[in-house]
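Got your viewer open? Let's take a short walk through some charged side chains, one selection at a time.

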Amino acid sequence: MLIELEKARTRKNVVRIFREELDGPDSWSDGFIVDANEEMVLLQLVDDSVRLNGYQILFLEDISDFAHPAPFNDFQKRVLALREEEVMDPEVELDDLAVLLMDISEEFGLVTLHREEVEPDSCEIGRVVRADAVTYELEEIGSDARWFDDSFEYDLYDITRIEFGGAYEEALMIANEDMGEDSYELSDEYPDDQRVDNE
């Protein structure tokens, strides 16, 4: 699989990646391969409006199939060219998961973390403030764009999908920065709807 992913990267084609066990047969990711190793693949996503919309990191062990090129590769590439949108390397290293999370948080401000095998219907968004070989500590931001006033610890290898640099993360940061002194939650208890639901 790694060889085929590298071919797609070299040819600058859109790929369609499936993770049937986690997502079901009718869900996929379309994007350009930016980097890959024996454990992970980094995509720059092409969304439904045919725009580049952030980055996604998937684990090769979860990938059930992928199409290269993607079904609408020529159309997507043409529209992106007409819009003058170009694939950009975020320059994050895939070699160490803990270091990767810290780097993304530092460079992009927010990272979206999915733990679909333990929490299939939700994800966490925030900045990783500490990570080691086993766990990571996340300062989370709610769907109201306010930081929780506490951080939370999770198991590192429960992560099944990583996203960053997209329009939603940007929207949260813009709204949070505009709040000034109100940018943090003050409650000790967080209602369930503050966590971000998977779409």
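**Stop by stop: the salt bridges**

Start by selecting arginine 51, which is partly exposed because its relative accessibility is 39% (the partly exposed class lies between buried, under 20% relative accessible area, and exposed, over 50%, using a 1.4 Å probe and protein chains only). Before going on, note that this is a predicted model, where local features need pLDDT of at least 70, side-chain atom pairs count only at pLDDT 80 or more, and totals for chains, interfaces and linings use all residues. Numbering runs from 1 along each chain as its sequence is written, and side-chain values use heavy atoms, with hydrogens and water left out.

Now add glutamate 85: its salt bridge with arginine 51 has the closest N and O atoms 3.1 Å apart (a salt bridge is a side-chain nitrogen of Lys or Arg within 4 Å of a carboxyl oxygen of Asp or Glu). These partners sit 34 residues apart, with glutamate 85 in the loop between helix 3 (73-82) and helix 4 (97-108) and arginine 51 in the loop between strand 3 (40-46) and strand 4 (52-59) (helices are DSSP runs of H or I, at least four residues, and strands are runs of E, at least two, numbered from the N terminus).

Next, jump to arginine 161. Which residue does the arginine 161 side chain meet at 2.8 Å, N to O? Glutamate 116 is the partner in that salt bridge, and both residues are buried.

Keep arginine 161 selected and add glutamate 163, also buried; their salt bridge is 3.0 Å, N to O.

Finally, show Arg19 and Asp23 too: with Glu116, Arg161 and Glu163 they're linked in a salt-bridge network. Across the whole structure, the search turns up 14 salt bridges.
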